[in-house]
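Student: I'd like to learn how to read a fold from its contacts and strand pairings. Can we walk through one together?

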Amino acid sequence: MKIIGISGSPRRGNTEWMVKDLLARMAESGVETELILLRKKKIKTCCGCLSCEEGGVNRKGVCRLQDDMQELYPKLLAADGWVIGTPAYFEMLSGLLKNFMDRTCPIWPKLSGKPVVGMAVAEEGIGKAISNIRTYADLCQMQWMGSVIGLATKPGEIAKNEKVKQRLKRLAMKLVRGVQS
Ligand SMILES: Cc1cc2nc3c(=O)[nH]c(=O)nc-3n(C[C@H](O)[C@H](O)[C@H](O)COP(=O)(O)O)c2cc1C
């Protein structure tokens with residue numbers, strides 16, 4: 001059983017801390033985890049060619065753009081569940097995360113039923129950041145297991161928030177149950 005965590009922050013900040021914390025709690029339950037830091041990946045913007053859509057829902061899962069997505073596709077498909085985190089930017093998901101989502105166009109029909117949780121961090125207002133992740137998950141027909149939000153500005157600040165830590169613990173357990181069922 002393997003869970004993949006995806007951090008959509010361009011810095012080593014609060015989103016990354018939350019995604020890592022949730023993965024660490026799942027690892028305590030014996031689940032294998034892997035963290036994907038989008039900030040460290042070279043991912044080109046989707047060129048909109050739609051060649052990946054050939055075959056409709058039975059598409060081959062191939063993107064013609066050669067970059068780090070090529071190594072990610074098999075990992076994303078093989079994972080039993082996903083954790084997606086984003087900082088709130090103008091009360092929406094980060095551009096880094098949106099670009100990643102766009103590039104999953106070749107594989108999204110194969111994500112159906114995969115459990116997923118969302119998390120977002122903002123200075124004062126999360127706005128639509130979680131609902132953006134949820135929209136993606138719903139369109140991919142993934143199984144939404146819940147979300148955690150936290151307020152923080154400087155990197156590391158979120159680690160002092162006991163309520164967020166409690167919520168992360170509960171969500172980790174829920175996701176473990178979700179991937180086991
Ligand atoms: C471009 C940009 C836009 C932001 N927009 C918002 C916003 O709309 N509302 C808010 O409360 N915080 C906003 N913030 C603050 C971040 O959400 C906050 O610093 C958060 O902790 C960043 O997460 P990170 O530490 O994971 O990078 C913005 C930050 C940046 C860089």
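Tutor: Sure. Let's start with contacts: two residues are in contact if their C-beta atoms, placed from the backbone, lie within 7 Å. Keep in mind that this is a predicted model.

Student: Okay, let's try that on P87. Which residues does P87 touch, not counting residues up to four places away in sequence?

Tutor: With those sequence neighbours left out, P87 touches S9, G13, T15, S94 and V121. As for its place, P87 sits in strand β3.

Student: And is P87 buried or exposed?

Tutor: The cut-off here is a count: a residue is buried if 20 or more other C-beta atoms lie within 10 Å of its own. P87 has 24 such atoms within 10 Å, so P87 is buried. For a view along the chain, look at S181: it is 94 residues away from P87, and their C-alpha atoms are separated by 30 Å.

Student: How many residues of β3 are buried?

Tutor: Seven of its seven, so to speak a mostly covered strand. Split the strand by face and you get G81, V83, G85 and P87 on one side, with W82, I84 and T86 on the other, all buried.

Student: Now the pairing. What is the order of the strands in the sheet?

Tutor: Pairing rests on bridges: two strands pair if DSSP finds at least two bridges between them. In this model five strands make an open sheet in the order β2-β1-β3-β4-β5, with parallel pairing. The edge strands, each pairing on one side only, are β2 (32–37) and β5 (143–151). From one strand to the next, the twist averages 15°.

Student: How many bridges join β3 to β4, and which residue is the bridge partner of G85 in β4?

Tutor: Six bridges join those two parallel strands, and G85 has M119 as its partner in β4. On the β1 side, residues 2–7 pair with residues 81–87 of β3 in the parallel sense over five bridges. I3 is found opposite G81 there.

Student: Which helix packs on the sheet, touching β3, β4 and β5?

Tutor: That's α4 (residues 129–139), and its direction makes about 160° with that of β4. Y136 lies in this helix. Y136 counts as buried because it has 22 C-beta neighbours inside 10 Å. The C-alpha atoms of Y136 and M101 are separated by 7.6 Å, though the two are 35 residues apart along the chain.

Student: What about the core: which residues have the most contacts inside it?

Tutor: The largest nonpolar core has 52 residues, and I6, M18, L22, V83 and L175 have the most contacts inside it. Take L175: leaving aside neighbours within four places in sequence, it is in contact with I3, M26, G81, P115, V117 and M145.

Student: Last one: how many residues surround the ligand, and which are the closest?

Tutor: There are 19 around the ligand, with G13, T15, P87, A122 and E123 the closest. The elements giving two or more residues to that shell are α1 (14–28) and β4. α1 gives the most, with three residues. Sorted by class, the shell has eight nonpolar, six polar and five charged residues.

Key
Residues are numbered from 1 along each chain as its sequence is written. This is a predicted model: local features need pLDDT of at least 70, side-chain atom pairs count only at pLDDT 80 or more; totals for chains, interfaces and linings use all residues. Helices (H or I, at least four residues) and strands (E, at least two) are DSSP runs, numbered from the N terminus. Axes are lines fitted to C-alpha atoms, for helices over the stretch in contact, and angles run from 0 to 180 degrees between N-to-C directions. A nonpolar core is a set of buried Ala, Val, Leu, Ile, Met, Phe, Trp, Tyr and Cys residues joined through C-beta atoms within 7 Å. A residue is buried if 20 or more other C-beta atoms lie within 10 Å of its own, exposed if 12 or fewer, and partly exposed in between; C-beta atoms are placed from the backbone. A residue is near a molecule or strand if its C-beta atom, placed from the backbone, lies within 6 Å of it. Ala, Val, Leu, Ile, Met, Phe, Trp, Tyr, Cys and Pro count as nonpolar, Asp, Glu, Lys and Arg as charged, and the others, Gly among them, as polar.
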